[in-house]
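Please open the model in your viewer and keep the selection panel at hand. The stops below go from the whole chain to its interior.

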Amino acid sequence: KSLPNSEKTPTKIAFGSCINQLLPQPHWDTIVSYEPDLLLLMGDNIYGDCQNASCPELGLAYQQFLNHPSVQGAAPRLPVFATLDDHDYGQNFANKNNPHKDHAKHLFQQVF
């Protein structure tokens, strides 16, 4: 869902982080039930730590995340603003020297 109209001040803001795509995702239904004006995802939106240079783990992690029925039901109903954290970049404790950062940023932008 697109972000709220700039003329409307968001008054109900939900926060989330540390979303393990391998676990059940019932919290999305709960978040939707509160009808927030905005959902802020504060990082570690998936856990797809890279094992090699091609890093298929990141793409798979996002696909697993997007395939959850609760995520699919919530996505069109929740305006989301997300930021990246270390696992979103493909490594625990990732920093500017992370060789996967460009690939990770591209995948992140496709999803969010």
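**Charges, fold and core**

Begin by selecting the charged side chains: the protein carries 7 positive and 11 negative ones, and the centres of these two sets are 7 Å apart, where Lys and Arg count as positive, Asp and Glu as negative, and His and the chain ends are left uncounted, each charge being placed at NZ of Lys, CZ of Arg, CG of Asp or CD of Glu. This is a predicted model, in which local features need pLDDT of at least 70 and side-chain atom pairs count only at pLDDT 80 or more, while totals for chains, interfaces and linings use all residues. Residues are numbered from 1 along each chain as its sequence is written, and side-chain values use heavy atoms, without hydrogens and water.

Next, switch to a cartoon view, where four helices and three strands appear, in the order β-α-β-α-α-β-α from the N terminus; these are DSSP runs, with helices (H or I) of at least four residues and strands (E) of at least two, numbered from the N terminus.

Now select Trp28, Leu39, Leu58 and Leu78, which touch the most other members of the 21-residue largest nonpolar core, that is, a set of buried Ala, Val, Leu, Ile, Met, Phe, Trp, Tyr and Cys residues joined through side-chain atoms within 4.5 Å, buried meaning under 20% relative accessible area with a 1.4 Å probe, protein chains only. Helices H1 (27-33), H2 (56-67), H3 (69-74) and H4 (101-111) and strand E2 (38-41) each supply at least two residues of this core, and H2 gives the most, with four.

Finally, centre on Leu58, whose contacts (heavy atoms within 4.5 Å), leaving aside neighbours within four places in sequence, include Ile46, Cys50, Tyr89, His103 and Leu107.

Technical notes. Buried means under 20% relative accessible area, exposed over 50%, partly exposed in between (1.4 Å probe, protein chains only).
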